[in-house]
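Open the model in your viewer, keep the sequence panel beside it, and follow along. We will go from one selection to the next and say what is there.

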Amino acid sequence: MTLVKATQQHYPKGDITRRVMALAVDFCGAWLLSSIAGSSQIGIQFVQIFVFIFAWLIFRVVVVYNNQGQSLGRWAFDLKILEVINGQIVNRIPQFQTLLLREGVICLSSLLLSIFLGNILLNPAAVVLLLPLIIDGGAALSDTQMRQAFHDRFFRTIIVSSRRGYSLDIKIKRLVEKFQRNVR
């Protein structure tokens, strides 16, 4: 009797463009909710920051944990989050605590992005607030094998393509192609 090593199931890595679009959908949802709570005063809006963080944690932790690793943005673009153990992708979503910590890091970068967007006209030097998000995303661009950002590497997670979703990127491509055919 011989032992045969089981082959690892192949998980296609999430495309960077789709990951950015999925993050944008989730960001816009949290930003929209926090903008409703904001006021027109100049300065730090603590209520707006609190609402943004609360909405982010609901969208990116609670929904993901209860929806097989997909937030609204990841569902729209056919992506999901999985665990990585010893360099191997495991077919399960991360634990709630891991998701909470991972999304806390991303929430901070996204919160800085929202502060930048709110202050770009008053203070163009606020572009410095984009650095954490750019550095974190740049790590995913430079990792050609696993496409993991710094937060993914640290919390041992990965974003992979899934079959379950809305396929918004494919539907938009089809609409653009149809529009181009009709224009000709």
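Select Ser110 first and show its surroundings: leaving out residues up to four places away in sequence, Ser110 touches Leu23, Phe27, Phe52 and Trp56. Ser110 lies in helix H4, and it counts as buried because its relative accessibility is 2%, under the 20% cut-off. Keep in mind as you go that this is a predicted model.

**Helix H4**

Now extend the selection to the whole of helix H4, residues 96-119. How far apart are its end C-alpha atoms? They are 33 Å apart, which agrees with the 34 Å that 24 residues should span at 1.5 Å a residue. Colour the buried residues of H4: Thr98, Leu99, Arg102, Glu103, Ile106, Cys107, Ser109, Ser110, Leu111, Leu113, Ser114 and Phe116. Charged side chains are included here, with Arg102 and Glu103 both on the buried list.

**The largest nonpolar core**

Next, select Phe27, Ala30, Phe52, Ala55, Trp56, Ile106, Cys107, Leu111, Leu113, Phe116, Ala126 and Leu130 and show their side chains; these 12 residues make up the largest nonpolar core. Helix H1, helix H2 (46-66) and H4 each supply at least two of its residues. Which helix gives the largest share? That is H4, with 5 residues. Three of the residues that Ser110 touches, Phe27, Phe52 and Trp56, are also members of this core. As a general point, nonpolar side chains in soluble globular proteins tend to be buried together.

Centre on Leu130, another member of the core. Setting aside neighbours within four places in sequence, Leu130 is in contact with Leu113 and Phe116. Apart from this core lies another, of 9 residues, including Ala22, Ala76, Ile81 and Ile159.

**Helix H1**

Select residues 16-37 to bring up helix H1, which has 22 residues. Its first and last C-alpha atoms are 32 Å apart, close to the 32 Å expected at 1.5 Å a residue. The buried residues of H1 are Arg18, Arg19, Ala22, Asp26, Phe27, Ala30 and Ser34. Of these, Phe27 and Ala30 belong to the largest core, while Ala22 belongs to the other one.

**Strand S3 and Thr157**

Move on to Thr157, in strand S3 (residues 157-161). Is Thr157 buried or exposed? It is buried, with a relative accessible area of 0%. Beyond residues up to four places away in sequence, Thr157 touches Ile81, Leu82, Val84, Pro94, Thr98, Arg102, Gln148, His151 and Asp152. Thr98 and Arg102 will be familiar from the buried residues of H4. Draw a distance from Thr157 to Pro94: C-alpha to C-alpha they are 7.2 Å apart, although 63 residues separate them in sequence.

**Asp78**

Select Asp78, in the loop between H3 and S1. Asp78 counts as buried, at 7% relative accessibility. Not counting residues up to four places away in sequence, it touches Arg18, Gln70, Val160, Ser161, Ser162, Arg164, Gly165, Tyr166 and Ser167. Arg18 is one of the buried residues of H1. For a contrasting distance, pick Gly118: Asp78 and Gly118 are 40 residues apart in sequence and 30 Å apart in space, C-alpha to C-alpha.

**Two loop residues with positive phi**

Go to Gln68, in the loop between H2 and helix H3 (72-76). Gln68 is not a glycine, yet it has a positive phi of about 55°. At 51% relative accessibility, Gln68 counts as exposed.

Then select Asn86, in the loop between strand S1 (79-85) and strand S2 (88-90). Asn86 also has a positive phi of about 55° without being a glycine, and it is exposed, with a relative accessible area of 75%.

**Zooming out**

Finally, show the whole chain as a cartoon and count 7 helices and 3 strands. From start to end they follow the pattern α-α-α-β-β-α-α-α-β-α. The C-alpha atoms fill a box of roughly 75 × 50 × 30 Å along the principal axes. Of the 184 residues, 34% count as buried.

Switch to a surface view: the accessible surface comes to about 11800 Å², with 64% of it belonging to carbon and sulfur atoms. Colour by charge to find 20 positive and 10 negative side chains, the centres of the two sets lying 6 Å apart.

Conventions
Residues are numbered from 1 along each chain as its sequence is written. This is a predicted model: local features need pLDDT of at least 70, side-chain atom pairs count only at pLDDT 80 or more; totals for chains, interfaces and linings use all residues. Side-chain values use heavy atoms; hydrogens and water are left out. Helices (H or I, at least four residues) and strands (E, at least two) are DSSP runs, numbered from the N terminus. The expected span of a helix is 1.5 Å times one less than its number of residues. Buried means under 20% relative accessible area, exposed over 50%, partly exposed in between (1.4 Å probe, protein chains only). A nonpolar core is a set of buried Ala, Val, Leu, Ile, Met, Phe, Trp, Tyr and Cys residues joined through side-chain atoms within 4.5 Å. Contact means heavy atoms within 4.5 Å. Accessible areas come from the Shrake-Rupley method with a 1.4 Å probe; for residues, only the protein chains shown count as cover. Lys and Arg count as positive and Asp and Glu as negative; His and the chain ends are not counted. The place of a charge is taken as NZ of Lys, CZ of Arg, CG of Asp or CD of Glu.
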